[in-house]
Amino acid sequence: MIVAQRKPVEEIKRSLEGYEKILIVGCGTCVAVCLAGGEKEVGILASLLKMSFRMDGKEVEIGEVTVERQCDKEFVHPLEENIKDYQAVVSLACGVGVQFLSEMYDDKVILPGVNTTFMGSNEGEGVWQERCRACGDCVLAKTGGICPITFCPKGILNGPCDEINNEKCEVDKERDCAWILIYQKLEKIGRLDNIRKMFPARNYQINTRPARLIHEAYQKYEVE
Amino acid sequence: MSFKEALDSGKFVVTTQVGAPRGTNIDKMIQHIDLLKDKVDGLIIADNQSAEMGVPSLVACHLIKERGGESILQLTCRDKNRLALQSELIGACLLGINNLICITGDYVTRGNNIEAKPVFDLDAVQLLQTVRLLEQGKDLGGNELSGAVKFCTGAMLIPDPDTKELQLINLEKKIQAGAEFFLACATYNMEKFKQFMSYTQTFRVKIIAAVLLLASAEMARYWNDTVPGISITQELIDDLAGAKRDMALEKGIEIAVKYDKVKAILVNVMGGITRCDEVANGIVSARGDGNITVPLVIRMVGTNEKEGQEILAKAGIPFLKTMEEAAQKVVSLVQEGA
C-alpha cells in the first residue's frame with residue numbers, strides 16, 4: 001500500500017491563509033490504514049485547525065468528509081455536492097488523490113495535507129517498511145524475493161558495494177546489507193548461481209515519467 | 001615507467017593518494033604532487049572522496065600529467081550517469097590519462113552535500129564492463145565510437161579472508177568484468193592479509209595493499225565504526241589504548257617492532273601541537289629499553305625543534321631535517337642490512 005505522513009499542522013495552516021470555508025477530504029484506503037488520512041485523521045486535523053484559528057481570533061468554517069478512494073472517479077464524483085460551498089479543500093489522500101481532485105474540480109483550490117512517502121508493508125502496529133520502488137522491471141525472481149533497488153540505498157544490481165561494513169549497510173549500520181540478505185536467501189534455496197551472473201545496466205527508458213498503462217483488453221477503448 | 005608497465009613488471013608497486021582541495025587554491029595539492037610524483041608508481045586522485053565535493057579527479061590527473069607524474073583517475077558511480085561516465089572516459093583518454101579505478105562510491109549522506117541526488121545509474125561491476133566495451137569501440141547505447149579508449153583498469157576490495165562468499169562472488173565478477181588490479185582497504189592484520197592473498201593468487205590480478213597511519217585508540221575505534229572495510233583488531237586497539245600518558249611514541253615503536261617484517265623505523269615529526277622535545281625524550285627512552293633491533297631514522301621539525309635536536313644529539317641519535325633526506329637514509333640503511 002501507499003504510505004503517507006500528515007504534514008505539520010502549521011504548514012497546512014499556512015497554505016490555507018485567506019480562506020474562511022475549508023473542506024478536509026479523507027481517503028479511506030491506504031492512508032487510512034497508515035493512520036495519516038482516513039476518517040479519524042480528518043477529524044483530528046479539523047479539530048486542530050479549528051482550535052488554532054480560534055486562538056488567532058479567526059472565524060473559519062471547516063467541513064469534513066471521507067471517501068472510499070480518491071484515486072477513482074466513481075468515488076470522487078459524488079464529492080461535487082460537498083465541495084461546491086467551500087473555498088479551499090485539503091486532501092488527506094496521497095499525491096494521486098490530491099491531483100485527481102484538483103483535475104476534477106479545476107475551479108477549486110485543492111491543497112495537500114500529507115507527504116506521500118513510499119509503497120510498503122505493515123510490519124506491526126504503527127510501523128511501515130518500504131518494499132517496492134515501482135521500477136517497472138522486477139528482479140525479485142533472481143534476488144530471492146528481496147529487492148536490491150529498494151533495500152540497497154544505491155540500488156545496485158551487482159552488490160555488495162565496497163562500503164559494506166561488517167555486513168551492515170554503509171547508510172545505516174543497524175541494518176543488514178541488502179546483498180547479504182539476498183545472499184543468505186539464495187544460499188538457503190540453492191540458487192546462488194543467480195547472482196554469480198552479471199546483472200547488466202538497467203534500462204531507465206522504461207522509467208520515463210509520467211508512466212501510463214493501458215490494459216491490453218482496453219487499448220481500443222482508449223484510442224476511441 | 002608507466003603504472004601499467006610497473007604492474008606488469010611484477011615489481012612491488014607503490015601508489016599514493018593526493019588530496020583534492022575544495023576550491024581553486026591548489027597550492028598544497030601541487031606541492032604534494034611535486035614531492036611525490038617521482039617517488040611512486042602512480043598518484044591516485046579520489047573522485048569527490050567520501051562524497052565530499054572537491055577538485056575533479058580528471059583535472060587533478062591532468063595537472064599531475066603536466067608535471068610529469070603518473071596519475072590514476074578514480075571514477076565513482078555516485079555522481080554521474082552513464083553518459084557522463086562514458087564521456088569522462090573518452091576525455092581522460094584524450095588527455096593521456098590511461099589508469100583508472102572504478103568504484104560504486106560512498107553514499108551521498110556520508111559527505112558534505114548531503115541533500116544531493118544520488119545517481120548510481122551503474123555499479124562498479126557495470127562501470128568496469130563499460131570501460132571494456134568502450135575499448136572495443138562501442139558505447140553502452142550500442143553506438144560505434146569514432147576511436148576507442150584504452151585503460152589500465154582496477155577496482156576496490158576488502159582484504160578479509162573471513163569475508164562472506166558473497167564478497168568473493170563480487171570480486172570474481174569485477175575480475176570477469178575487466179579489473180586488472182585492485183586497491184585494498186587499509187589492513188592492520190598481516191596474517192589475515194596473507195590468507196586473503198593466497199586466495200587471490202588463483203586470479204591473474206595485482207593487489208595493492210593500503211596503509212593508513214593510526215594515531216590513537218580513539219581513531220582506531222572511530223575508523224572501525226565509520227570507515228567501510230576497515231577492521232582494526234581489538235589487540236591493536238588495546239595496545240594503543242594501553243599507551244601511558246606521554247608514552248605514545250614508545251608504544252608506537254613497541255608496536256612497530258612486534259612485526260618481524262619491519263626492516264626499519266622512520267619517525268617523522270612535524271611538530272605543531274606535538275613538541276619536538278617531548279618526542280625526542282620518547283625516542284631516547286624507547287631506545288633505552290633495548291627493544292629496537294632495526295635501524296631508526298628521525299626527521300624532526302616544528303615546535304621546540306632545537307630542544308628536541310639537542311636531546312637526540314646528547315643521546316647520540318642522528319636526525320635529519322627534511323622528509324626527503326630521512327626517506328633516503330632509511331632506504332639506504334635497509335639496503336645495507338639486506
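**Cysteines, strands and loops**

Colleague: How many disulfides are there over all chains?
Modeller: This is a predicted model, in which local features need pLDDT of at least 70 and side-chain atom pairs count only at pLDDT 80 or more, while totals for chains, interfaces and linings use all residues. Residues are numbered from 1 along each chain as its sequence is written, chains are lettered from A and ligands numbered from 1 in the order in which they are written, and side-chain values use heavy atoms, with hydrogens and water left out. A disulfide here is a pair of cysteine sulfur atoms within 2.5 Å. By this rule the count over all chains is 0.

Colleague: Which cysteine sulfur is nearest to that of C132(A)?
Modeller: C132(A) is in no disulfide. Its relative accessibility is 37%, so it counts as partly exposed (buried is under 20% relative accessible area, exposed over 50%, partly exposed in between, with a 1.4 Å probe and protein chains only). At 6.4 Å, the nearest cysteine sulfur is that of C147(A).

Colleague: How far from C185(B) is its nearest cysteine sulfur?
Modeller: C185(B) is in no disulfide either. C185(B) has a relative accessible area of 8%, so it is buried. The nearest cysteine sulfur belongs to C161(A), and the distance is 11 Å.

Colleague: In what order do the strands of the open sheet in chain A stand?
Modeller: Strands (E, at least two residues) and helices (H or I, at least four) are DSSP runs, numbered from the N terminus. Two strands pair if DSSP finds at least two bridges between them. Here 3 strands of chain A pair in the antiparallel sense, in the order β1-β6-β7.

Colleague: Which strands stand at the edges, and what is the average twist?
Modeller: β1 (2-6) and β7 of chain A each have a single partner strand, so one side of each has no neighbour in the sheet. Those two are the edge strands. Twist rests on axes, lines fitted to C-alpha atoms (for helices over the stretch in contact), with angles from 0 to 180 degrees between N-to-C directions. From one strand to the next it averages 70 degrees.

Colleague: Which residue in the turn between β6(A) and β7(A) has a positive phi?
Modeller: β6 (residues 114-124) and β7 (residues 127-132) of chain A pair over 5 bridges, in the antiparallel sense. M119(A) stands opposite C132(A), and G124(A) stands opposite V127(A). The two strands form a hairpin with 2 residues between them. The turn residue with a phi of about 75 degrees is G126(A).

Colleague: Which backbone nitrogen lies 2.7 Å from a polar atom of the side chain of N224(B)?
Modeller: N224(B) is in helix α8 (residues 217-226) of chain B, and at 17% relative accessibility it counts as buried. Beyond its neighbours within four places in sequence, N224(B) is in contact (heavy atoms within 4.5 Å) with N165(A), I230(B), S231(B), I232(B) and I237(B). The backbone nitrogen 2.7 Å away is that of I232(B).

Colleague: What distance does helix α11 of chain B reach from its first C-alpha to its last?
Modeller: α11(B) runs over residues 276-288, which is 13 residues. Its buried residues are C276(B), D277(B), V279(B), A280(B), G282(B), I283(B) and A286(B). The expected span is 1.5 Å times one less than the number of residues. That gives 18 Å, and the helix reach is close to it, at 18 Å.

Colleague: Which residue is joined to P210(A) by a cis peptide bond?
Modeller: P210(A) is in the loop between α9 (193-196) and α10 (219-223) of chain A. Omega is near -5 degrees. The residue before the bond is R209(A).

Colleague: Where is P160(A), which a cis peptide bond joins to G159(A)?
Modeller: Omega for that bond is about 5 degrees. P160(A) lies in the loop between α7 (148-151) and α8 (178-188) of chain A.

Colleague: Is F120(B) buried or exposed?
Modeller: F120(B) has a positive phi of about 50 degrees, although it is not a glycine. It lies in the loop between β4 (99-103) and α5 (124-135) of chain B. Its relative accessible area is 4%, so F120(B) is buried.

Conventions
Polar contact = N/O pair within 3.5 Å; in protein donor to acceptor, adjacent residues only side chain to side chain.
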